[in-house]
Amino acid sequence: MRLHPIVLITGATKGIGRAIAERFSDSAAELHVVARKPEGLEAMKASLERPGLSITTYAADLSVPEEVGDLVRALRVNLKKL
């Protein structure tokens with residue numbers, strides 16, 4: 001049985017974060033991607049969508065403690081139980 005990982009990526013719309021998101025889009029069951037700008041997240045989501053892949057986006061600046069707290073709360077709600 002092949003496992004399909006659940007992946008959380010920060011800085012997902014640029015550079016290394018984007019490359020990691022692209023790499024895991026082929027094999028993951030769920031991608032949870034974080035970046036500061038919602039526009040970039042939606043464009044990235046549209047480019048990576050495929051059948052069998054769930055992509056959830058989170059706009060958050062991880063240098064702001066309140067936004068980190070909001071992200072953690074949203075992840076608790078959105079992560080699917082195995």
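Which residue's charged end sits over the ring of Phe24? Select Phe24 in this predicted model and look to Arg23: its charged end lies over that ring, 5.0 Å from the centre. While you have a ring on screen, you can skip the hunt for aromatic pairs, as the structure holds 0 of them.

Next, colour strand 2, residues 30-35, and strand 3, residues 54-59. These two strands pair in the parallel sense, over 6 bridges. For one of the contacts, click on Leu31 and then on Ile55, its bridge partner in strand 3. Now trace the chain between the strands: it leaves strand 2, passes through helix 2 (residues 38-48) and arrives at strand 3, a β-α-β crossover that is right-handed.

Last stop: the largest pocket, with a volume of about 220 Å³. To show its lining, select Thr10, Gly11, Ala12, Thr13 and Lys14, then Val34, Ala35, Arg36 and Lys37, and finally Ala60, Asp61 and Leu62. Colour them by character and you will find 5 nonpolar, 3 polar and 4 charged residues in the lining of this pocket.

Conventions
Residues numbered from 1 in each chain as written. Predicted model: local features only at pLDDT ≥ 70, side-chain atom pairs only at ≥ 80, totals over all residues. Heavy atoms only, no water. Pairing = 2+ DSSP bridges. Helix = DSSP H or I, 4+ residues; strand = E, 2+ residues; numbered from the N terminus. Right-handed = clockwise from strand over helix to strand, strands pointing away. 1 Å grid on protein atoms, 1.4 Å probe; cavity = no way out; pocket = protein on both sides within 12 Å on 5 of 7 lines; lining within 4 Å. Points joined across faces, edges and corners; volume = space filled by probe spheres on them. Nonpolar A, V, L, I, M, F, W, Y, C, P; charged D, E, K, R; others polar. Phe/Tyr/Trp six-rings, centres within 6.5 Å; stacked < 30°, edge-to-face > 60°. Lys NZ or Arg CZ within 6 Å of the ring centre and 35° of its normal.
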